[in-house]
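Subject: Structure for your review

Dear colleague,

Please find below the structure that I am handing over to you. My notes on two of its contact surfaces follow it.

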Amino acid sequence: MTTTEIRHEVINILADIAPDEDLSDLKDDIAFRDQLELDSMDFLDIVMELRKRHRIQIPEEDYDQLASMASTVTYLEPRMVGLQKQ
Amino acid sequence: MSGLAAGIRLAHFDKRVCILERHSTIGGLNSFYRLRGRNYDVGLHAVTNATPKGMKKSPLARLLRQLRMQWDDFALRPQLGSEIAFPGIQLYFDNNIETLRSEVRRAFPKQMDRFDRLVREIAHYDDLDGAHAHVSARRIVHSILTDPLLVQMLFCPLMYYGSAREDDMDWRQFSILFRSIFLEGLARPQAGIRLILKHLVRRFRALGGKLMLRSNVQRFVIDQGRITGVKVEGGKTMEARNVLSSAGLPETMRLCGGTECANPKATGQLSFCEAIAILDVPPKETCFRHTITFFNDSDHFQWRKPKTPCDLTSGVVCSPNNFDYEEPLVDGTMRITSLASYNYWNALDDSTYRLEKLRWYDRILASAIRFVPDFRGHIIDTDMFTPTTITRFTGHENGAVYGIPEKRFDGTTHLKNLFLCGTDQGLVGIIGGLISGITMANRWCLK
Ligand SMILES: Cc1cc2nc3c(=O)[nH]c(=O)nc-3n(C[C@H](O)[C@H](O)[C@H](O)COP(=O)(O)OP(=O)(O)OC[C@H]3O[C@@H](n4cnc5c(N)ncnc54)[C@H](O)[C@@H]3O)c2cc1C
């Protein structure tokens, strides 16, 4: 997957978790929590959806890396590079 | 409720899930039935935590997100307005806390600042952090409000909608209930609880979950501190990696073959009778315009297992008609709930039981009409349940609707792969049950 595809996939996951959020002007370098009304349960769901959809295991100590879109994509890139877009 | 919510979470994340339900229909304490051509809900007075669409931080919004469901799936219509009625004094409230504030200002002007402080404390209370979780709510509320009558009046609806403990509850429970009823509000789907249940089951099945009705779990097969299988009555033993039980703590311990909860003080004691009246007119035409009236006939509100068959000093009168629907309901319905003694009702033989139901039906209604307009001339059909009805259909010992007094907030048991969800884990009511199922599934089966 390319970084654009990964970003797109994270947006898909967010849209699924929080269908009422407007994700069209999500800023990549601002923390999700500062622009979306997501709580800790929702954040855990991002991790779990990645596991469900792409079999990526994210250890708990790495959760901080998923704070914003930019850091999430950077974190996921080496882990998703070999994956095909679904 | 909690079982279905847990099942949806697990099935969504590709776990193989099977829900075993002993009854021939779903819903447990909040189910539905048909009698003489009419639809009845078992429990539902109102869905609590009824925040409007678009409120993203409320428990309702959070649970919908977790279940990947839409606000419209629950189709909640807000209450018209309810009251707490004590002799000579009433407090009216609706889904806007300002209404209750102005009522407190009118009836208890000297308590106004203190009431605001109480509301602030509750709004800021973080039930996940759990500070003061086990402190007596009465102690804390009395340290803020100085008029005992106001304290009694506020406790009355909260006790009725969720206290498993006699005469008190812990501060955490009080805060959760206060928020869910006074700060967020009451609502009902026009079609009743069956609509919510239908959506939950549909979602569960669409995700590949298996729901087996008439499947009474007889016991767990245990090996070295773990459950390896679940024995279903008249059926085979099913293998299980993890088991979540919403049957209640003592009931679940029995399935383990143990007696961890043999202490009667540790089991739930509070149960209800409910008298249901179908009217030939909508209740508002009998001048009952409230959604719910919580009443108590003295300045002191008592929340204990009664020594009499039913406690007629207090009660809840609810009309499912009095919500803000787009179209009126077909039948006019009044439901009156009062505290009842399981032991009394359980000891009766069949014919006495039937007779006593008739007698106490009349007494419950006579007690209620001291606080609401007399609607008895309009009754065209009736039904009534007692604590034994609750036990028969849901398996909860003593007909204890809100379960054991000391909750197991973390859901763990003496077995490594057996967890509690629902009432005895600590969250009651429809929304509480759903949240309990979600959090226990997340915490113990999805990490
Ligand atoms: C009269 C009444 C009025 C109520 N009014 C309201 C209201 O207005 N608003 C509100 O929010 N809440 C209300 N409630 C409370 C609410 O219904 C409950 O708190 C909630 O439904 C509890 O859900 P639960 O999942 O914890 O338990 P349950 O609903 O009891 O679920 C447990 C399920 O397990 C099944 N079971 C038990 N043992 C076994 C076994 N061995 N094998 C297989 N299955 C088994 C039972 O049949 C049951 O279906 C009311 C309850 C009652 C009784």
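In this predicted model, chain A and chain B bury about 1700 Å² between them, and carbon and sulfur atoms give 48% of that area. On the side of chain A, Glu37(A), Met41(A) and Lys52(A) supply 35% of the area buried against chain B, more than any other three residues. The contact draws on 17 residues from chain A and 16 residues from chain B.

Salt bridges between chain A and chain B number nine. One of them may serve as an example: Glu49(A) and Arg68(B) meet through their side chains, with an N to O distance of 2.7 Å. Polar contacts were counted as well, and nine residue pairs, both residues at pLDDT 80 or more, are in polar contact between chain A and chain B.

As to secondary structure, two helices of chain A, H1 (3-17) and H3 (40-54), each supply at least two residues of the side that touches chain B. H3(A) gives the most to this side, with eight residues. By class, the side of chain A that touches chain B has eleven charged residues, six nonpolar residues and no polar ones.

The second surface lies within chain B. The domain assignment divides this chain into domain 1 (2-44 + 192-266 + 402-445), domain 2 (78-184) and domain 3 (269-394). Taken over C-alpha atoms, the centres of domain 1 of chain B and domain 2 of chain B are separated by 30 Å. Where these domains touch, ten residues of domain 1 of chain B are in contact with twelve residues of domain 2 of chain B.

The area buried between domain 1 of chain B and domain 2 of chain B is about 800 Å², with 58% of it from carbon and sulfur atoms. Within domain 1 of chain B, the residues that lose the most area to domain 2 of chain B are Tyr402(B), Pro405(B) and Phe409(B), which together account for 60% of what that side buries.

The count of salt bridges between domain 1 of chain B and domain 2 of chain B is one. In addition, one residue pair, both residues at pLDDT 80 or more, is in polar contact between domain 1 of chain B and domain 2 of chain B. The side of domain 1 of chain B that touches domain 2 of chain B comprises six nonpolar, two polar and two charged residues. The side chains of Glu406(B) and Arg165(B) meet in a salt bridge, at 3.9 Å from N to O.

With kind regards

Methods: Residues are numbered from 1 along each chain as its sequence is written. Chains are lettered from A and ligands numbered from 1 in the order in which they are written. This is a predicted model: local features need pLDDT of at least 70, side-chain atom pairs count only at pLDDT 80 or more; totals for chains, interfaces and linings use all residues. Side-chain values use heavy atoms; hydrogens and water are left out. Contact means heavy atoms within 4.5 Å. Buried area is the accessible area (1.4 Å probe) that two parts lose on being put together, summed over both. A salt bridge is a side-chain nitrogen of Lys or Arg within 4 Å of a carboxyl oxygen of Asp or Glu. A polar contact is a pair of N or O atoms within 3.5 Å; within protein, one must be able to donate a hydrogen and the other to accept it, and residues adjacent in sequence count only if both atoms are side-chain atoms. Helices (H or I, at least four residues) and strands (E, at least two) are DSSP runs, numbered from the N terminus. Ala, Val, Leu, Ile, Met, Phe, Trp, Tyr, Cys and Pro count as nonpolar, Asp, Glu, Lys and Arg as charged, and the others, Gly among them, as polar. Domain bounds come from an automatic or database domain assignment.
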